[in-house]
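Colleague: Got a minute to go through this chain with me? I'd like to hear the reasoning behind the labels.
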Amino acid sequence: MRNRWREVVLGGLLLLGGLLGYAQLDKILKAGGIAVVVDRFGPEMNKAVNRLTHIKPDKNFTTKVVPIISAGSGTYVGAAQVMGKPELVKQVQAVAQIEGSFAGHEVRIKALIPISTKNPGRSIDRVEGVGVSAILDIRL
């Protein structure tokens, strides 16, 4: 009887660990999926946004699609198109999303900042002179 009880408890712990692990794996796959989609299809997504918005990049400005990364967690949460001078846009690796609130949490704020890394730490290395021109929602 004792061995049977141990087997039941061990089985329950394994099942619970598997379920919790699956939830984490699901998050990792979704975050990784966004990174893969943006890396693979970024140029095509960029062309689609440019067609939609009637933007025609030239020698004075260009556009690029990069992942949006939730600052603090490093999680990929979507994609954004950035726009600016070609030499500046080339430096942009991602857009950091920072969230906050105003007026006692009555107003939620999401700031989107073009940055020169895909791994933002405590300080965000902003690329000055580049703006976010579109947000892309990616269904996984």
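Modeller: Sure. Let's start with a detail: Ser-70 stands opposite Gln-97 in S3, and Ile-69 stands opposite Ala-96 in S3. Keep in mind that the model is predicted.

Colleague: How do you know that S1 and S3 pair?

Modeller: Pairing takes at least two bridges between two strands. S1 (residues 62-70) and S3 (residues 94-102) are joined by three bridges, so by that cut-off they pair. They run parallel.

Colleague: And what makes S1 and S2 a pair, and in which sense?

Modeller: Nine bridges link S1 to S2 (residues 75-84), against a cut-off of at least two, so they count as paired. The sense is antiparallel. One of the partnerships is Thr-63 with Met-83 in S2.

Colleague: Why is the sheet called mixed?

Modeller: Because strands of a sheet can pair either parallel or antiparallel, and this one has both: S1 runs parallel to S3 and antiparallel to S2. The five strands lie in the order S4-S3-S1-S2-S5, and the sheet is open.

Colleague: What makes S4 and S5 the edge strands?

Modeller: Each of them pairs on one side only. Neighbouring strands of the sheet are turned by 35° against each other on average, ignoring direction.

Colleague: Where do the strands fall along the chain?

Modeller: The pattern is α-β-β-α-β-β-β, with two helices and five strands.

Colleague: Why is S1 called mostly covered?

Modeller: A residue is buried if its relative accessible area is under 20%. Seven of the nine residues in S1 are buried, so the label "mostly covered" fits. For the whole chain of 140 residues, the buried share is 28%.

Colleague: What makes a group of residues a nonpolar core here, and how many residues has the largest one?

Modeller: They have to be buried nonpolar residues joined through side-chain atoms within 4.5 Å. The largest has 15 residues, and Val-38, Met-45, Val-65 and Tyr-76 are among those with the most contacts inside it. Elements giving two or more residues are H1 (2-53), S1, S2, S3, S4 (107-115) and S5 (131-136). H1 gives the most, with five.

Colleague: Which residues does Met-45 touch?

Modeller: Leaving out residues up to four places away in sequence, Met-45 touches Val-37, Val-38, Val-65 and Leu-136.

Colleague: And which residues belong to the second core?

Modeller: That one is separate and has nine residues, including Ile-68, Val-82, Val-95 and Val-127.

Key:
Residues are numbered from 1 along each chain as its sequence is written. This is a predicted model: local features need pLDDT of at least 70, side-chain atom pairs count only at pLDDT 80 or more; totals for chains, interfaces and linings use all residues. Side-chain values use heavy atoms; hydrogens and water are left out. Buried means under 20% relative accessible area, exposed over 50%, partly exposed in between (1.4 Å probe, protein chains only). Helices (H or I, at least four residues) and strands (E, at least two) are DSSP runs, numbered from the N terminus. Contact means heavy atoms within 4.5 Å. Axes are lines fitted to C-alpha atoms, for helices over the stretch in contact, and angles run from 0 to 180 degrees between N-to-C directions.
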